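Work through the exercises below with the model open. Try each task before reading its solution.

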Amino acid sequence: MKWEKLKPPEPDDPMCCCECDSYQYGCYCDCEDLDEAFNRWLKDKPCKSGCQSPVFGAVIDKLEISMMPALLLLPLLLRVAALHYLLGIIILTALPGLVLWYYYATHRKKRRTLFFLTLALYSLAYMYYLFITEILPRGDVSQLQLCAVTTGMILTIVSLIHTKRGPGFVTASLHKAHTHSQEAMKDSTHLNGSVQSAASSSGTSGDLQTTKEAPTAKWSSCPMCKIMRPPRGGHCRTCGSCVQRLDHHCIWINSCVGQANHRSFLLTLSVFLLTSLYGISLVLRSLCPREYLMTALFNCPGVYSQSSTALCFTCAWYSSIVTGGLLYLLVTQVLNISFNVTEREAQLALRNKTGQRRLWGLVIDTGHYSRGFYQNWVEFLTMADASGSLRASLTDLV
């Protein structure tokens, strides 16, 4: 009986929204009860005894109240780390492990979570708050430098919002549109060939090459979504959907990185890293004016003499650790784009032992889609959402 309750439904069986992992209220057994509860709420009628309002439950589930202790403990831990440099070493070293332990203890059962995104935005806001309240009053930062840091913050958030618009999910109508566009392209190629029979041989060979390249891109069927997905598309187990040219699922933005948002994701990383490095340099120049910028993190005499300067110095170390991790991610992304390989394809190549490690293991070369450094970047910078491009091609042909 327990197995019947836990096993996933068949593809053709209708699944109640109460059975979904994202909406488990624990008080309604089917959709009729949920609809009745919403009707009572809209008509301002009292809820049944012993049952929580579904609207309140949805708000609680979306806000993820369990992440509040982590947000409250982060400033406290940074202030404790600012008391002594030994405490700073211990806390900053153990902080990533503490964050992961708390995440697995409270959010492990959730497929998608705002935990890391909220933590990242909160850390960004807290660092900016300390920069305004502690570093700016010291008089070492000009108005132009403050505008540069603020502009970087705004551009980072705007680029993040653009990235969150969607990675380019695969829909059932995408394959139909692709089939219609291929048929229309074949018809137009056949008509052009019959009308322009006296064309040059170079143009004819180019048309033949175009018609030969079209069938090479094979679509595959997803066993989970039961739909046809384009080449290089993949199924994300976290999002539960197929994504065009899936790279990876980023927990820090709570979204997949795919064909539609890969460029904006790379832009978000670049803008954040530039802003973070510039902000850290301003903080170190204000706290350690007599030290070299490259060595100020390791040697800054007198920084622990005041609590405010010690806190800013500790936060500079915290920001440097986060920046270092994101810098490694950016380097990996740039190398993958240079070899025209996605993170998903690299992991599959390692699993199947079909790829070659290059550049000290930083990139996995599959050799399937690479056409040279320049052409790989041109393809990345000019790629668009397949659904949008197909609709445009159909409109032009018709």
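**Exercise 1. Locate tryptophan 360, then describe its backbone and its exposure.**

Step 1. Tryptophan 360 lies in the loop between strand 7 and strand 8. Helices (H or I, at least four residues) and strands (E, at least two) are DSSP runs, numbered from the N terminus.
Step 2. Its phi is positive, about 60°, although tryptophan 360 is not a glycine. Most residues other than glycine have a negative phi.
Step 3. The relative accessible area of tryptophan 360 is 83%, so the residue is exposed. Buried means under 20% relative accessible area, exposed over 50%, partly exposed in between (1.4 Å probe, protein chains only).
Step 4. Now take leucine 359, in the loop between strand 7 (356-358) and strand 8 (363-365). Leucine 359 has a positive phi too, about 55°, and is not a glycine. With a relative accessible area of 39%, leucine 359 is partly exposed.

The model is predicted: local features need pLDDT of at least 70, side-chain atom pairs count only at pLDDT 80 or more, and totals for chains, interfaces and linings use all residues. Residues are numbered from 1 along each chain as its sequence is written, and side-chain values use heavy atoms, with hydrogens and water left out.

**Exercise 2. Find how helix 10 and helix 11 are oriented to each other.**

Step 1. Take helix 10 (residues 262-287) and helix 11 (residues 307-338); their axes come within 9 Å and cross at roughly 150°. Axes are lines fitted to C-alpha atoms, for helices over the stretch in contact, and angles run from 0 to 180 degrees between N-to-C directions.
Step 2. Helix 10 is therefore roughly antiparallel to helix 11. The classes are: under 35 degrees roughly parallel, over 145 roughly antiparallel, 65 to 115 roughly perpendicular, the rest oblique.
Step 3. The crossing of helix 10 and helix 11 is left-handed. That is, the near helix is turned anticlockwise from the far one by less than a right angle; clockwise is right-handed.
Step 4. Residues of this contact split into 19 nonpolar, 8 polar and no charged. Ala, Val, Leu, Ile, Met, Phe, Trp, Tyr, Cys and Pro count as nonpolar, Asp, Glu, Lys and Arg as charged, and the others, Gly among them, as polar.

**Exercise 3. Which residues of helix 13 are buried, and what covers them?**

Step 1. In helix 13 (residues 373-382), Asn376, Trp377 and Phe380 are buried.
Step 2. Down the axis of helix 13, the buried residues fall within an arc of 95°, so they line one face. The arc is taken over the directions from the helix axis to the C-beta atoms.
Step 3. Tyr374 and Thr382, on the other side of helix 13, are exposed.
Step 4. The cover over the buried residues includes helix 10 and helix 11.

**Exercise 4. Where is cysteine 225, and what does it contact?**

Step 1. Cysteine 225 sits in the loop between strand 1 (220-221) and strand 2 (228-229).
Step 2. Its relative accessibility is 23%, so cysteine 225 counts as partly exposed.
Step 3. Leave aside neighbours within four places in sequence: cysteine 225 is in contact (heavy atoms within 4.5 Å) with His235, Gly240, Ser241 and Cys242.
Step 4. Cysteine 225 and serine 241 are 16 residues apart in sequence; C-alpha to C-alpha they are 6.7 Å apart.
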